[in-house]
Structure formats: C-alpha cells, structure tokens
Amino acid sequence: MPESELLRVADLTVSLGHGRRRTEVLHGVNATVARGEIVGLVGETGSGKTTIARSILGLVPPASGSIELDGTDVARLSPGRLRAFRRAGIAQYVFQDPLRSLDPQLTIAASVAEGLRVRGGIDRAVIRSRVEETLELVGVSPELAARRPAELSGGQRQRVAIARAMVLEPSLLICDEPVSALDAANRIQMLELLVALRDASGIGMLFISHDLGSVAGITDRIVVLYRGRVVEAGSTAEVLLAPRHPYTRLLVGSAPTLSGGAADRGRRAELRAELALLETN
Amino acid sequence: MSHDNEQSIISVRDLTVSSAAGELVHGISFDVPRRGSLGIVGESGSGKSLTCRSILGILPAGVGVAGGSILFEGTDVTTLSYRDWQPIRGTRIAAVFQDPGSYLNPSIPVGKQLVEVLRVKSGLGRGLARARAIELFVSMGLRHPELVFRQYPHELSGGMLQRVLIAIALAEDPEVLIADEATTALDVTVQAEVLDVLADLQAARELTLILVSHDLAVVSQVCDRIIVLKDGEIVESGETARVLRDPQHDYTRLLVENHEKYGIEKYLAPGLIDA
C-alpha cells in the first residue's frame, strides 16, 4: 500500500434486500482515493454510486470484499467498533441538498458543533473556537452563526453543510452532487472552495455524480460505474479524451456542452446502438 | 411590422408579471421564430417559468400578467377567457414540465391515457386512436411501443415517462411545444436522448420549440436562438452561436465560464464552439 493511499475498495460486493428479493447491486468493485486526491464516481441512477458511498461510511454491510480507509477495514468492523469509527468521523458525507443534513431548529453554530459534541469529552470553549474556525474556513461570516438554515441562501447552506463535515477533520469527504442544486455563481465558488480545502488539508474527496461534465473541472481521476461494475477508471483527461468502454463514450457524448449540435446527435445514436449490442451479448 | 408577424409565431411585448408581493417579470419583449427553436435560460427566480406560464395562460394563483401583451398568431392571449383558451392550450400550444410522473394518472396504463386525449381532443374512434398512440410512441423513440402502451406510470423510467408526456403533448399536432426544465431531473444520458428526440421532432414536424433550462449548454444543443433571463429581465438575446462566442452580459459570461473552466469543455479542443 503506497504511503499516500487513503481509501482502497477491493472486490466489493454488496447485496440489498431480504430473502428471495435479495439482489446483488455491486459486483466486485475496485476503487482507490489517495490523500489530496479528488476522484469522481460517475454513473447513472441505480448504478450503485450511493451504495458504494454508504458502504464506505459503514452503513451497508458488504457481502464480500474489503474497504480499507486510513488503515481500517470498514467491512470487517464489529458493530461496536463500527459505531466508534462513525463517531470518529473519518469519512464524512455532503448531500446534494444541504437541508438534509441541517436541523431546521438548530442554529448554524449548533449544527456545526453537533459532531464534536457527539464525539464527547471536548471542552465547550474548544468546541466554540473549532466551530468559528471552520465556518471561517468555508467562508461563512460569523454573524450567520446564530441564524437558522431557513434564513440562509442555498450557497451559504451548502457551505455550512461542508463546515459540519470538515469540523470533524475527516480524511475523506464524500460529496454527492454537491453543486447541482446551486446557481452558476455559487457553483463556481463552491468548486473553488472544495479545491482550496483539498489544497490546505490534503483531504481526499470522492465526488459522486451522474454527469461527467459536472465533475470534469475538479477531479484528478474518474471511476465510471455501470450496473454495479466499474467499467472504466483513469485520469480525468484519459477518461474524457480517450474513453474505452461504450458506456463511458456515451457519457462523454451525452454531457451537455456549449459545442454540441446536430453532428453529436448522430454520434450519440451510434453509441446507444453500440451499448445496446453489448447488453444483448 | 407585418414582416415581423410572418417570421414570429409568438411576440411578447413589455410583459410584466406581478404578485401581491411585487413585480416578478419586468416588461420583457422577445419573439419566437416560427418553426424555430428558442432557448430561455435562467436560474430559479429568474422569471423563465413565469414567462412560459404566461404564454400558456396558467400562472399560479395570486400571480398575473400586469402589463404588456403576448401575441400568438395575432391574438393577444393575455386577454383570453377560460373558454377562449380551450381551442389553443394543449391543442395549438402544448407543454411538458420537469416531473413527468405527476402529470399522469398512476392507476391507468399510459397508452390508455394518450388514447383518452386523442378521443376527446380529435374525436378519433377507439381503434384509430390506439393506432395513432402507437405511432406517436414510435416517433418518440420508445423501443417497445406495444408494451409501453399497456404499462402503468410506475413501470416506466423517468426518460420513458417524459417521452410519453411529449407524445401526449404532441397528440394534437400543436404548432408550439414548450419544454420547461423537461430534462432536468433525468440522468445525463437520458437527458441527451430526450433532447435528441425534441430536436428531431422539431425538425420533422416543423414545430416551434421553446426550451427552458437553467443550463446554457442544454439549450445550446437544440436552439437556434437564446434569451437569458435574470431577476425578471432579459440580459442577453441573440443567435446561439453569437451568444456563446461573444456574450455581452456579465451573467452570460459567467454561464459560459462555468462550462469552460469547470465543465467537460476544459478538456475538449478549443474552437468547437465556432463549428
């Protein structure tokens, strides 16, 4: 294992459901994230992206395979150790909709402090100063700390959700479509913030999206997931400029770009036919 | 002026939309070219949906047209009564929206729902309506039209549902189709399929298409002309190629920058936009 490796998912198989309805949704997935690396995990609805994320967080027990995060195999933790692992906050999750992680009743400061309070044994003054530092880190002004989520703009809320994750000093940040609900100006600022956080702390990030276009600008590497299998993985440039798998080619061809047009329509029709052929074989 | 009328099927002049809380759309004017495709770009709150809904005469309760006119083939639709709307809305101007599932009855097979529209609106007999429905499903690129015909909404994916909705919208062979964030909730590969269907239909049926999206790239795939709305005002309008190559307003520049700096365009060869 190289020094810089943070996450190694190896041969991960996950089944969901019970009894006869139990279905294998991940079929031997391999993926890595190094420290300071931003990796895009791209695939369509139902391809297993979120199941991978949930497995890394220890929320879904794998059928087989391993998930080594910062030296711990999350897949093999006993229930007690798993709780301790989650409390330690080594991996943190940022939702597309920040309201999903923010309690409407709590002030911004209390929301950000929550993880530290749950961890326990931390002095109140220390918690307060950590919260202040973290809000500053994500660019939320101190005056907003006493407000509630409803009083904030969408962009400010997403920053608070990131602060809530970052206050625990995680090694890995998993972002599920973190900018797709934001408008143009906030989107650019949010991506710049995430890059700055990575540069400052050396944190690893896993960016989940259905759209290659929305992760292209920020990722170092891209892993493409199709029907529970990794069909392609490589540097962002490799995946975008020389995609090998028909599904990746269709993803690249389908990403809305400013240069699209009628010629692309014909190309996409060919790619869909190619993928359909692959599925019937 | 008469020249203008021949070229454009819809002319919006000084359209102002207000609610009790204040003015939401501030006197915008634009033309929709006949058999052309117009993209309306803006984020939530920009007034793009209110503009569409004004054209369709379906503004939400408490919101109304406070000034200006919307000429559709010479008729100012802002003055129409509920009855006067009947031969126009859904028949000559049709629309599809973001969440296709919510516009279908979950307990009736989708084919039957399309047949119902065809029977009521065109007065077709059962057999003819069924044949026409299958034909429409085929032209939407639905691969197993006979199967889809018998399926319930919950059995269909989001992309298939949106195609069913487009089929229903086009059942009456309207002159204008408004697609308001119709592909936003779809996976990107499915979004591209639906956009391709819309572009093909627009060309094949000589349809006038108004495509509304928060994403400049989505509308630039399909539309000849673009207007950009911000805070209830038009900040940019022009031919698609010109808007992309030489945006005049800071906000449009920001939209372009979003793609060039953080989109897939960062990796694509420059100069493609001119092609």
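This note comments on the core, one helix and the contact between chains in a predicted model.

1. The nonpolar core. The largest nonpolar core holds 158 residues. Among its members, Leu172(A), Phe207(A), Val224(A) and Ile210(B) touch the most other members.

2. A residue of that core. When neighbours within four places in sequence are set aside, Ile210(B) is in contact with Val32(B), Leu38(B), Ile40(B) and Cys52(B), and also with Val176(B) and Ile178(B).

3. The length of helix H7(B). Helix H7 of chain B covers residues 158–169, which gives 12 residues. From its first C-alpha to its last it reaches 16 Å, close to the 16 Å expected at 1.5 Å a residue.

4. The burial of helix H7(B). Because 11 of the 12 residues of H7(B) are buried, this helix is largely enclosed by the rest of the structure. The buried residues include Gly159(B), Gln162(B) and Arg163(B), as well as Leu161(B), Val164(B) and Ile166(B).

5. The surroundings of helix H7(B). In chain B, the buried residues of H7(B) pack against two strands, E6 (93–96) and E7 (176–180). They also pack against the helices H4 (110–122), H5 (126–139), H6 (145–150) and H8 (188–204) of chain B.

6. The contact between the chains. Chain B contributes 29 residues to the contact, and chain A contributes 29 residues. On the side of chain B that touches chain A, H8, helix H9 (216–222) and helix H11 (250–262) of chain B each supply at least two residues. The largest share of that side, 7 residues, comes from H11(B). By class, the side of chain B that touches chain A has 16 nonpolar, 6 polar and 7 charged residues.

Terms used
Residues numbered from 1 in each chain as written. Chains lettered and ligands numbered in written order. Predicted model: local features only at pLDDT ≥ 70, side-chain atom pairs only at ≥ 80, totals over all residues. Core = buried A, V, L, I, M, F, W, Y, C linked by C-beta atoms within 7 Å. Buried ≥ 20, exposed ≤ 12 C-beta atoms within 10 Å, placed from the backbone. Contact = placed C-beta atoms within 7 Å. Helix = DSSP H or I, 4+ residues; strand = E, 2+ residues; numbered from the N terminus. Expected span 1.5 Å × (residues − 1). Nonpolar A, V, L, I, M, F, W, Y, C, P; charged D, E, K, R; others polar.
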